[in-house]
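Subject: Handover of a structure for your review

Dear colleague,

I am passing a structure on to you with this message. Please look through it before reading the notes that follow.

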Amino acid sequence: MPHILIVEDETIIRSALRRLLERNQYQVSEAGSVQEAQERFSIPTFDLIVSDLRLPGAPGTELIKLGQGKPVLIMTSYASLRSAVDSMKMGAVDYIAKPFDHDEMLQAVARILRDRQSAQSTGAEPVVGKATNGSAKPGVDNSNGEIGIIGSCPPMQDLYSKIRKVAPTDSNVLIQGESGTGKELVARALHNLSRRAKAPMISVNCAAIPESLIESELFGHEKGAFTGASAGRAGLVEAADGGTLFLDEIGELPLEAQARLLRVLQEGEIRRVGSVQSQKVDVRLIAATHRDLKSLSKIGQFREDLFYRLHVIALKLPALRERGADVNEIANAFLARQSARVNRTDLKFAADAEQAIRHYSWPGNVRELENAVERAVILCESPEISAELLGIDIELSDLEDDDFIGLAPQQGSTGNTSHEPTEDLSLEDYFQHFVLEHQDHMTETELARKLGVSRKCLWERRQRLGIPRRKTGVISES
């Protein structure tokens, strides 16, 4: 059983993270500071250290040195992404942004431990310093060798062929596809197969960073450029110099930031906020979106010149419902992963479950499938998982999800009759429909109350699903 050390000064977060990891068969110890960790434990004996970046006394990055080569996963807020990238350069194996989703944390931990075990078995050094702003997205595997994505249907085979051709070039790439299809997996494959593979891949969700911070986060700022800028700071584009910059949900990028990004693509240089001097950068840009950028450009919400700069190579990820038998292959991969987490070797899908998986539309794509399999594995009491246990063909209000207590459809709240019936929607799809339909006339507090979740949970789900906030609204992180 892997032994993990959590170093976090906020008791609530530390306790919740400990319970999460222990439920998933990890042995866990905890401390509130670097000093406490030193006094109580022999830090190099742990298999993994998960630490907040900002701690009382010494910062979490001190554990990189104290761990003597043991992997350190840094936790940080979106407002401190640049500091997280600095920690990667100091030797942290990865970082994860707060507030994080439980699945995201578990995937990051599993991946880091798996990579470390592989490195030990082959005698190779584990790769560190690959900034990816969180963990790998659902669907990653070694089924397609260096591509690392499960599936062999014709549309995916065509995609793999294009990835292999495009990856060695420095051409800009635009990845298009619905939410939950695995666009970041494609970006990761493009980076790993490129000549830039040994340099950082910096991944940024444009919909998750507050609009007021996006320019300084991407392009950096000089001291005194705005209130609170007590010191100059490099941006994430600079951090990606020599490597790859992945901008997820680029359709949410404000127009001012789009103009600065266009300069990066045209001139290969950036200018920090508040600076009059430019500096050269060598960055390969990969962007992703689930929106129609060409249509947005026609109505003035996206720069047309930037669209054509991005659209050098366009890769389309098919929705899960368009991938035929791949869905069962992916489901079985998730079943194997989730079974291992709960130490069960007897689980398999019943015939009706196999049929339902194949023919359900999966509006939430691979992400929804993974959640359904995880829920079924946890609740299953017999060796066979039924379609009913997967939540397929069950009324939304009958589904179980701890984060969506009270998330039954509201009477008289459907509004737009063109929406799909709610009984055919996943929990995440219903959430997305409800927020997009009502956010123009509801505050965040009202939205959260109608959905039966906290404001913090609402904010986290927006990040996870890539749902943009209303431009006039303000989301609280607490």
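Does Arg195 count as buried or exposed? The structure is a predicted model, and in this model Arg195 counts as exposed, at 58% relative accessibility. Its side chain meets that of Asp170 in a salt bridge, with 2.2 Å from N to O. Because Arg195 lies in the loop between H7 and E7 and Asp170 in the loop between H6 and E6, the pair ties together parts that are 25 residues apart in sequence. Asp170 is partly exposed, its relative accessible area being 34%.

Overall composition

The chain has 478 residues, of which 55% count as buried. It contains 19 helices and 14 strands. Among contacts between residues at least 6 apart in sequence, 68% join residues at least 24 apart. About 21,000 Å² of the chain is exposed, and carbon and sulfur atoms supply 47% of that area.

Nonpolar cores

In soluble globular proteins, nonpolar side chains tend to be buried together. Here the largest nonpolar core has 32 residues, and those with the most contacts inside it are Val237, Leu245, Leu247 and Ile250. Among the elements that give two or more residues to this core are strand E7 (201-205), strand E8 (244-248), helix H10 (255-267) and helix H12 (304-310). Helix H10 provides the largest share, five residues. Beyond its neighbours within four places in sequence, Ile250 is in contact with residues including Cys206, Leu261, Phe302 and Leu310. Apart from this core lies another, of 25 residues, among them Ile150, Ala356, Trp362 and Ala376.

Cysteines and a covered helix

The structure holds zero disulfides. Cys206 counts as buried at 4% relative accessibility, and Cys153 is buried as well, with a relative accessible area of 8%.

Helix H7 (residues 183-192) is mostly covered, nine of its 10 residues being buried. Charged names appear in that buried set, including Lys183, Glu184 and Arg188. The cover over the buried residues of H7 includes helix H6 (154-166), strand E6 (173-176) and strand E12 (313-316).

Salt bridges

Side chains of opposite charge can pair when their charged atoms come close. The structure holds 22 salt bridges. In one of them, Glu30 pairs with Arg18, and the closest N and O atoms are 2.9 Å apart. This pair links distant parts of the chain, with Glu30 in strand E2 (residues 27-31) and Arg18 in helix H1 (residues 11-23). Glu30 counts as buried at 16% relative accessibility, whereas Arg18 is partly exposed at 27%.

A salt bridge within a single helix joins Arg40 and Glu36: both lie in helix H2 (residues 34-40), four residues apart, or about one turn of the helix. Their closest N and O atoms are 3.1 Å apart. Arg40 counts as exposed at 51% relative accessibility, and Glu36 is partly exposed at 28%.

Aromatic pairs

There are three aromatic pairs in the structure. The ring centres of Phe307 and Tyr308 are 5.1 Å apart and their planes stand at 65 degrees, so this pair is edge-to-face. Phe307 counts as buried at 5% relative accessibility, while Tyr308 is partly exposed at 47%. Tyr360 and Trp362 form another edge-to-face pair, with 4.6 Å between centres and 85 degrees between planes. Both Tyr360 and Trp362 are buried.

Yours sincerely

Terms used. Residues numbered from 1 in each chain as written. Predicted model: local features only at pLDDT ≥ 70, side-chain atom pairs only at ≥ 80, totals over all residues. Heavy atoms only, no water. Phe/Tyr/Trp six-rings, centres within 6.5 Å; stacked < 30°, edge-to-face > 60°. Buried < 20%, exposed > 50% of the residue type's maximum accessible area, 1.4 Å probe, protein only. Contact = heavy atoms within 4.5 Å. Areas by Shrake-Rupley, 256 points an atom, 1.4 Å probe, with all protein chains shown as cover. Core = buried A, V, L, I, M, F, W, Y, C linked by side-chain atoms within 4.5 Å. Disulfide = S-S within 2.5 Å.
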